[in-house]
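Grab the model and work through these short exercises with it open. Each one gives you a task, then a solution in steps.

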Amino acid sequence: MKKCSPAPELDCKVTGFFLSSGLYFVSHEIPSPADRRVSPQSFRNMGDTVTEYTARLQQQEQEIQRLSAEIKNLENSQNLSPSPRLEELQEENARLKYRLNILKKSLQEESLSHRGKAMLNINQRLQEVFGEAIRASCPELDNPPLSIAPSQQAKFGDYQCNSAMSMSQMLKAKGTKMNPREIAEKIIKNLPDNELVQKTEVAGPGFINIYLQKTFVSKQLSNLLINGVQPPPLPSKKKVVVDFSSPNIAKEMHVGHLRSTIIGDSMCRLFEFLGYEVLRLNHVGDWGTQFGMLIAHLQDMFPDYLTVSPPISDLQAFYKESKKRFDTDEEFKKRAYQCVVKLQSKEPEFIKGWNLICDVSRKEFQKIYDCLDIKLIERGESYYQDLMVEVVKEFEKKGLVELDEGRKVVFPPEQPIPLTIVKSDGGYTYDTSDLAAIRQRIFEEKADIIIYVTDSGQSTHFQVVFAAAQLIGWYNPKVTRVEHAGFGVVLGEDKKKFKTRSGDTVRLMDLLDEGLKRSMDKLKEKERDKVLTPEELTKAQRAVAFGCIKYADLSHNRNNDYVFSFDKMLDDRGNTAAYLLYAFTRIRSITRLAKIDEATLKKAAETTEILLDHEKEWKLGKCIQRFPEILQKILDDLLLHTLCDYLYELATTFTEFYDSCYCVEKDRQTGEVIKINMWRMLLCEATAAIMAKGFDILGLTPVERM
C-alpha cells in the first residue's frame, strides 16, 4: 500500500490510499450542515474534488465489472465461490458512493446559496445535472453532446434531454453498439440527487422527458417577488464596447439609422442589466474631404462666423448647396481641398468652423436620441486621427504592408479583399479608422467584448478588419469576443427600400412625428382621451408611438429585411408593442381594482406559498421562470427578437391563466370583492415584474394607465 498525494483542501477530513491494484479509496468526515460554510476558494476546491472522486469511482466500477466478468468465467469452468476481494471491493465501493453523494449534496447546497437573490436559469441547472449523468453513463466519450430544451407539449414533460441519439452515433463510431433508449435509461440511472427534477421518463427513440418539482418552481417565484428581477451573478466583471447609431455629421439621420440605433441601444441595456460595464459609442462620420467644402461654403455665406454664430437651421440644405458648388465650380473645389489640408493641420479658425458644423448636427441628432431615450458617448472618426499614424507604423514594422499602385495595403489571410490603410495621396481611409478604433478599444479601453451594430452590407468590411487585427496579434478570438451584429434594410409596404413618395430617403424625425400623430389617433379612437388626464394621455401617446417603432424593429430577426408599417405596429392584436403595453396595463390594474397595496403584496410574497396546482398556473409559473434562459440565449447570439417572442408568449399565457383562474372573486349582484386568491395575485405580480424588465431591455416605457 502506498500513500497518495493530499486531496484539495475542504471543510472535511479527507484521507486516501491506493491498493496494489491501482484502485483509490477515500475516507472523509463530512461536517454538519451548520458548519458547512465554505470560502469561495474552498467552494471551488470542493467542486474539483467531486469531479476527481467521480472519476475515481467510475474507474473503480469498471474494475468491479472486470472482476465480475473474470469470476463468472471461472465459476462456469471451476464452480468457484465468489472472490473475497470482489466482495471487499463492492462493500468499499458502496461506502464511497454514499460519501460521495453527501459531498455532492453539500456542494449543491453551497452552489444554490452562492446564487443568492438571483433568478435561477433552470435550463442551465438542468444542464449541470444531466451533464454529470451523461459523463457518468458514457465515460469513454470525449465531450458528449448535452441538449436540454423546454418541451413543446405538456404531455412530454416540462423539459427534454435529447442527447441519447447523438451519443449512440458517437459510440457506434467507436465500435460500440448501444441503442438510444438504453443510453437514456443509463443517463436517468446516473442522475445525481438534485432539487428541481420530480421525475423522468424515456419516450420515443430515446428522448428523456423531464418533469420539474412544483415546490421548487414555487420557491423560485417567491424569490423573484421578494428580491426583484435579479440577473445571475457574473463570474468576473467584463467590459463591453457597443458601436452603434453612427450618423454622418452635416447629414440628417434617416430611416437607415433607425435600426442601428434601436438594436444597439437594446443590446447595451441587456449587457447593463446582466452586470457588464458597458461603453456606448457613437462612431459619427465627423472627418474627411466633405468638411473642406462645408467650411469653404461657410466662409462665403457667413464670413463673420468666427465671432457670430451662423444661423444654420437646415444643415441638410447647407450641405446640398456646398455639394452643388463643389461639383460645378472648379475654383471652389480647389479652395475646398485647401480647407481640408488646413483642417487636418488643425489651424484654429478651421477647427472652429468644423466644430460649428458638428454642433448643429449634434443638436439635431440629440432631438432623436431624446425621443427614443438613447444614451451615447460620441467618438467620431476625428477621435482616432492621431492613432492612425501608429497603426500604419505597427503594420509596417511587422512587415504586413504591401504597395499596390501607390497605396499601402494589408492582405489578411483567407479574406476576399485587402485593407487600404494609406491612399496613394497619403490620406487615410475608413479601413485605417476602423483599425485604429479596434486597437484603442482593445488596449486602452481593455474591452472583453466589442460589438459593431451596422447594416449587413458592411459585414465583409468588418470581417477583414477583424482578421487584420488578429493577424497583427491585437486579440485572440478565444479570449476577446469581437462581433459584427449586422441587420437588413427597412422596406416600405411595397417591399421596396423605404422612401418618401418623391423618392427621397425618409427623415427619421418626420417618421417619429408621424408616429406621435398616429398613436394619438389610435388612443382617441379607443376614447382614452375621455378617461385619462392630459398628462396621462401624452405619456401614453409617447409610450405607444416610440414603443411601437422600436418593437416593430426588434421583433424581427435583425438579419432579415423588415417592412415598416404604422398600421401593423399600432395594431393592438398579435405580437406588437401596442398589444403588450395594453396587456401590461391590464395586469397592473388587477391589484389596483382589488385595492391591494404594495406593502400587502410584499408581505404576501414572504408568507404565502404560490400554488401551481391548476394546469394554467403551472404553465404560467414555468413561463415566468424561463426569463433567465431567454436572456442567456440572446447574450450568445445577439438576436433580440427572441425576447419579443418570449414576452408575447408570456402575455398570452397570462391571458389563458386569467381566463381560467379567478384571482379576485366578486359578488355577481353588487360587484363587491368577496375573496382574493393571494397566490394568484402574486402570479400576476411576477408576470408584471418580468414584463417590465423585458420592456426595459427593449427600451419600451410602460405606463400604469393607458
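**Exercise 1: the antiparallel sheet**

Strand β5 (residues 159-161) and strand β7 (residues 207-212) run antiparallel and are joined by three bridges. Everything here comes from a predicted model, where local features need pLDDT of at least 70, side-chain atom pairs count only at pLDDT 80 or more, and totals for chains, interfaces and linings use all residues. Residues are numbered from 1 along each chain as its sequence is written, and side-chain values use heavy atoms, with hydrogens and water left out.

Task: find which residue of β7 stands opposite glutamine 160, then place the strands in their sheet.

Solution.
- Ground rules: strands (E, at least two residues) and helices (H or I, at least four) are DSSP runs numbered from the N terminus, and two strands pair if DSSP finds at least two bridges between them.
- Opposite glutamine 160 you'll find asparagine 209 in β7.
- The open sheet has four strands, ordered β4-β5-β7-β6, with antiparallel pairing.
- β4 (148-150) and β6 (197-203) are the edge strands, each pairing on one side only.

**Exercise 2: the parallel sheet**

Task: work out why one side of β10 and of β15 is left without a neighbour in the sheet.

Solution.
- Write down the strand order of this open sheet of five: β10-β9-β8-β14-β15, with parallel pairing.
- β10 (377-378) and β15 (481-484) sit at the edges with a single partner strand each, so one side of each has no neighbour in the sheet.
- Check β10's pairing: β9 (residues 277-282) joins it in the parallel sense over two bridges.
- Within that pairing, leucine 281 has isoleucine 377 of β10 as its bridge partner.

**Exercise 3: two crossing helices**

Task: classify how α7 and α23 are oriented to each other.

Solution.
- Get the geometry: the axes of α7 (residues 255-273) and α23 (residues 678-698) come within 7 Å and cross at roughly 130°. Axes are lines fitted to C-alpha atoms, for helices over the stretch in contact, and angles run from 0 to 180 degrees between N-to-C directions.
- Apply the bins: under 35 degrees is roughly parallel, over 145 roughly antiparallel, 65 to 115 roughly perpendicular, and the rest oblique.
- α7 and α23 are therefore oblique to each other.
- List the contact (heavy atoms within 4.5 Å): Ser266, Arg269, Leu270 and Phe273 from α7, with Lys693, Asp696, Ile697 and Leu698 from α23.
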